[in-house]
Amino acid sequence: MTDAERFLLEHQELTRRHFLRLGAVGAGALAVWPLAACADPLAPELAKALETLEPYFTPQQDFRDVSRGKPLPHSLSEEQKQKVGLRRETWKLEVIPDLDNPATIRHPFTQKEGTALDFAGLMNLAEKHTVRFAKTMTCLNIGRPLGTGIWEGVPLRDLIWLTQPRENLRRVFYYGYHNDDPQQMFRSSLPIDRVLEDPFDLPPVIVCFKLNGQWLDDQRGGPVRMVVPEAYGFKSIKWLTHIVLTNLYHANDTYAEGNNDVDSALKTFAATLSVPHQVKPGQSIPVTGYAQVGMSGLSKVQVSIEPSESERPKEDKYFANAPWTDAQILPPPKHWGAVPDGRIPSGTFGFDLVTGEPRTWPMRLAKAHWAALLPGVPAGSYSLRSRSIDEKGVPQPMPRPFAKSGHAAIEAVEITVK
């Protein structure tokens with residue numbers, strides 16, 4: 001038996017005893033990332049890693065940008081933005097029937113008739129119907145989320161009801177400004193039941209105007225965008241200008257044309273944020289990461305480390321038999337980051353009205369951070385992996401391991417020990 005193989009056999013027990021022990025250096029990390037009540041204190045190596053963790057909520061300017069358009073709508077001049085309605089004072093929204101498969105509505109909102117909804121009208125609705133919820137914005141085919149924030153807006157259904165729909169309404173299409181070029185139009189859609197009802201205690205679909213308590217900026221889709229809580233980013237159209245009510249029975253999303261699953265809900269997966277790529281033999285290995293919490297929830301995060309040359313049976317392509325060890329999911333932070341004063345705005349969906357604490361943790365549709373301190377290993381090359389386990393005990397990348405339906409691949413980070 002080699003030293004590496006002996007390490008693997010002892011790994012789980014060693015990690016259990018070695019995981020999260022504290023030195024005084026842990027005080028700074030605990031100020032933002034407290035441990036769970038049942039946890040041991042932090043080891044100095046891990047406390048240092050926690051101090052560098054990203055804030056829970058992402059400032060608008062730090063969101064990753066995957067905007068579409070030539071030129072990008074947010075790159076237009078100020079004069080052009082004013083002219084095409086990309087400013088709050090000039091923004092207008094049409095809500096109209098589909099010309100080819102029309103739903104029957106009594107009062108469409110149209111530019112031609114002067115009944116299109118303006119920003120002042122949206123704010124009038126917001127006085128009674130504002131909704132806020134935390135959501136991680138993620139692109140369907142990108143392995144890392146774009147950012148996490150508290151999105152604020154008016155439920156889409158409140159706008160739909162203002163048009164007084166009568167019959168033949170099966171789906172809602174919507175799209176935003178893309179340079180008045182039909183070839184650049186990027187649209188998405190939802191079944192009408194998702195718009196009018198919120199299954200499984202989900203927040204409503206919203207016509208969004210704020211992120212983290214601030215007006216949406218240009219890159220985030222301002223002045224107004226759609227946000228669909230449980231969906232990937234392509235459903236949350238930026239620079240919203242048109243909502244089309246249709247009797248068509250199927251989706252017509254632009255993203256469907258690229259062989260994408262346009263009905264896939266947010267998946268649960270884990271990934272690393274901080275891990276040393278080179279350590280000395282026997283030196284402890286501090287690891288931190290995040291988990292995107294999808295519709296299936298999150299019960300635990302696990303990590304494994306094994307020699308890079310380890311052979312894996314072909315039938316174990318999802319690493320079911322890797323030497324997995326539980327990491328610790330960190331509790332809610334004491335300071336939330338990008339939101340005003342680091343506090344959750346009152347009335348935010350899923351948070352207690354009095355304490356401001358999440359009602360459940362980890363929260364679906366958002367993220368959670370995790371940490372682990374792995375015991376030292378002999379010299380060699382190793383692969384470190386992380387995975388999530390959802391609330392039904394299903395490990396990543398299951399139950400939906402398919403490409404084009406949302407990222408869930410198990411990440412591998414190479415570590416050299418010498």
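**A five-stranded sheet and a buried arginine**

In strand 21, Val417 is the bridge partner of Gly380. This pairing belongs to a predicted model, and it is a convenient place to start. Gly380 opens strand 20, which covers residues 380-389 and runs antiparallel to strand 21, with six bridges between the two. Val417 has another link as well: in strand 21, Val417 is also the bridge partner of Val279. That second link belongs to the pairing of strand 14 with strand 21, which is parallel and rests on two bridges. Strands of a sheet pair through backbone hydrogen bonds, and the pairing may be parallel or antiparallel.

The next step is the whole sheet. Five strands make it up, in the order 14-21-20-16-17, and the sheet is open with mixed pairing. The edges are held by strand 14 (278-279) and strand 17 (325-326); each has a single partner strand, so one side of each has no neighbour in the sheet. At the strand 17 end, the partner is strand 16, residues 300-307, and these two run antiparallel, joined by two bridges. One residue pair here is Val303 with its bridge partner Thr325 in strand 17.

Strand 21 also shows how two faces can differ. In a regular strand, side chains alternate between the two faces of the sheet. In strand 21, residues 412-417, the covered face carries Val413, Ile415 and Val417, while Ala412, Glu414 and Thr416 are on the uncovered face. Val417, the residue that pairs with Gly380, is thus on the covered face.

Away from these strands, consider Arg157. Arg157 sits in helix 6, which spans residues 156-162. Is Arg157 buried or exposed? Its relative accessibility is 19%, and the limit for buried is under 20%, so Arg157 counts as buried. Beyond its neighbours within four places in sequence, Arg157 is in contact with Val195, Leu196, Glu197, Asp198 and Pro204. With Val195 there is a polar approach: a polar atom of the Arg157 side chain lies 3.5 Å from the backbone oxygen of Val195.

Finally, the chain as a whole. The protein chain contains seven helices and 21 strands. Of its 418 residues, 53% are buried. Among contacts between residues at least 6 apart in sequence, 72% join residues at least 24 apart. The exposed area of the protein chain is about 19,200 Å², and carbon and sulfur atoms supply 50% of it.

Terms used. Residues are numbered from 1 along each chain as its sequence is written. This is a predicted model: local features need pLDDT of at least 70, side-chain atom pairs count only at pLDDT 80 or more; totals for chains, interfaces and linings use all residues. Side-chain values use heavy atoms; hydrogens and water are left out. Two strands pair if DSSP finds at least two bridges between them. Helices (H or I, at least four residues) and strands (E, at least two) are DSSP runs, numbered from the N terminus. Buried means under 20% relative accessible area, exposed over 50%, partly exposed in between (1.4 Å probe, protein chains only). Contact means heavy atoms within 4.5 Å. Accessible areas come from the Shrake-Rupley method with a 1.4 Å probe; for residues, only the protein chains shown count as cover. A polar contact is a pair of N or O atoms within 3.5 Å; within protein, one must be able to donate a hydrogen and the other to accept it, and residues adjacent in sequence count only if both atoms are side-chain atoms.
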